Structures are given as structure tokens and as C-alpha cells.
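Work through the following exercises with the sequence and the structure side by side, and try each task before you read its solution.

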Amino acid sequence: MPELPEVEVVRRGLERWVAHRTVADVEVLHPRAVRRHVAGADDFAHRLKGRHVGAPRRRGKYLWLPLEETNQSVVAHLGMSGQLLVQPQEAPDEKHLRVRIRFADTLGTELRFVDQRTFGGLSLHDNTPDGLPDVIAHIARDPLDPLFDDEAFHLALRRRRTTIKRALLDQTLISGVGNIYADEALWRARLHYERPTAGFTRPRTAELLGHIRDVMNAALSVGGTSFDSLYVNVNGESGYFDRSLDAYGREDLPCRRCGTPMRRRPWMNRSSYFCPKCQRPPRPVGPGRS
């Protein structure tokens, strides 16, 4: 699944190539691509036609295109393999092209939603007074948001009485952090993924947030992380932060800090990668201890 850096790379591309253009026509080539728009494909296409696209916005992993002069936005769910591509109008259709959006100008490019596995999609939603699509109003701010409240996050973290990686993947607590960047930030902070959050001090929380921001900004600078051809930016280019990963995907390779072989453990239908020396597991709580 794309995480914050990958979605932000797409958002920046859309801001450059799609913002402030007028929709001339919408062609839905596969109904599953607009299944979250309950009124159906024809209604989706009709409501977009003639609308002006505003500056794309993002919160965490969620991306949307506001429609100017309305109180609605097109939410893009990228899912496992969704791609938003800006292509020349004469370019051949992609094999898994699902939605085509043409514009009423002479720039000669169109927006295409391509999705091999059809887990993603586009849908139209009303906005809240804060300008968020109502379907994502519950999503917390992400750590790169200037209005992210570090102190509120720390207090909420301690109240959750959970473990740290579970907390980082809780999008109602902090958004944009997924499995890859959680493992990377925890490695940098020398924290085991099962460390209880109740014991976090303010300095420990601040250090972890700093590592989260550092690893995300580093990924952003090289276009995000791509392990295959499914994640690309709007020009179809892959990111290459995977070459710089310190933890994720490095099972049995030496820890870049101490040389100990990295380990992988099954975790919530995913995997967690960690160094058994640098990231020691928490001690089990015995009878009568708290």
C-alpha cells in the first residue's frame, strides 16, 4: 500500500499538471473503479463534467481533488495498485485503464486512473466545513502537517495502552505511517515494535516523531518507495527509496548499525523487520508487576 511519501509525490504531480483545469468529459471503463460512488458511473461522470479542479490535497495516505465552486471533492483510493497518470491524449491506453478524465484546454494531456487489481477507485463526496471529504473526516493529521500537535499525540499515545507499531498504524491517532515507514522509524529510534506506549516519555515520543519525519522527508526526496511497477508518480516513474531502507525487507542482512542479522516476524497479517540487538523486545510483565 502507498504511504504518505508516495501519495504526496502523486499529489505534487497532480498540482503541477491537473490543478485549475476544467473537466470536459469523463469515461468510466470499469464500474468497480467508481463503486464507492453509490450513484453509479453515469452520475459520477455527469457531476464532474464542466467542473474546475482545485489544488489537490492530502491527509496522511488520502488524496483528493476539490471541485471549485462546489462543496465536493473527488477522493482517490489508490489501494494496492492504483495509479493516477497524466498522459498525452494520443498515448495508447494502458491495459488496466479504468477511468479517463479529459480537459477543456489545449494542453494535450488527460488524467487516467489505472488499477491492475481494481482495489482502488475514485468517488465524489461532500466536504466538511474544514474542506475535508466527509469519508475521511475521522483521519488524524499526519506528522508532516504544520498543524500536527506533538503534545496531543504524546498524551493520546500514552492513553491508548497499546504497543507502539499498532499505534503508529492507527490512522485516527496519526495518519500516513504504514508498515514500511513504521519499521524504518522504529529502527532509527532503537525501539521494538511491541514496546508498550504507556511507558513513553515526552522525550522518547519527540525522538520517535523526529525519526518519522526524517524518514518520510528522505523518501519524498527520491520519489517514495517502489518495490515493483505498481507504484509510480503521475509521469509513470518509480521512486527509489527502497535502496535506502534500513529495516524493511532486510531479513538476514546485517544491521547497518551493529552488524547483527536483521529479523522478520509475522505481525497483524504483515511482517515486522527489526534488529534483535538494537531493538530489544520489552520484558514480559510478570504476576504482580505493572
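The exercises below concern a predicted model, and they deal with nonpolar cores and salt bridges.

**Exercise 1.** Find which residues touch the most other members of the largest nonpolar core, and which elements give two or more residues to this core.

*Solution.* Begin with the core itself, which holds 30 residues, and in which F153, L168, L208 and I212 touch the most other members. Next, look at the elements: helix 3 (150–160), helix 4 (164–168), helix 5 (179–189) and helix 6 (202–221) each give two or more residues to this core. Then take I212 as an example, since, leaving aside residues up to four places away in sequence, I212 touches P143, L168, V177 and A185. Finally, notice that another core of 27 residues lies apart from the largest one, and that V23, L63, F103 and L122 are among its residues.

**Exercise 2.** Decide which parts of the chain the salt bridge between D150 and R213 ties together.

*Solution.* First check the distance, for the closest N and O atoms of D150 and R213 are 2.8 Å apart. Then place the two residues: D150 lies in helix 3 and R213 in helix 6, so the salt bridge ties together parts that are 63 residues apart in sequence.

**Exercise 3.** Is D246, which forms a salt bridge with R256, buried or exposed?

*Solution.* Recall that buried means under 20% relative accessible area. The relative accessible area of D246 is 11%, and therefore D246 is buried, whereas its partner R256, with 47%, is partly exposed. The closest N and O atoms of this pair are 3.0 Å apart.

Note on methods
Residues numbered from 1 in each chain as written. Predicted model: local features only at pLDDT ≥ 70, side-chain atom pairs only at ≥ 80, totals over all residues. Heavy atoms only, no water. Core = buried A, V, L, I, M, F, W, Y, C linked by side-chain atoms within 4.5 Å. Buried < 20%, exposed > 50% of the residue type's maximum accessible area, 1.4 Å probe, protein only. Helix = DSSP H or I, 4+ residues; strand = E, 2+ residues; numbered from the N terminus. Contact = heavy atoms within 4.5 Å. Salt bridge = Lys/Arg side-chain N within 4 Å of Asp/Glu carboxyl O.
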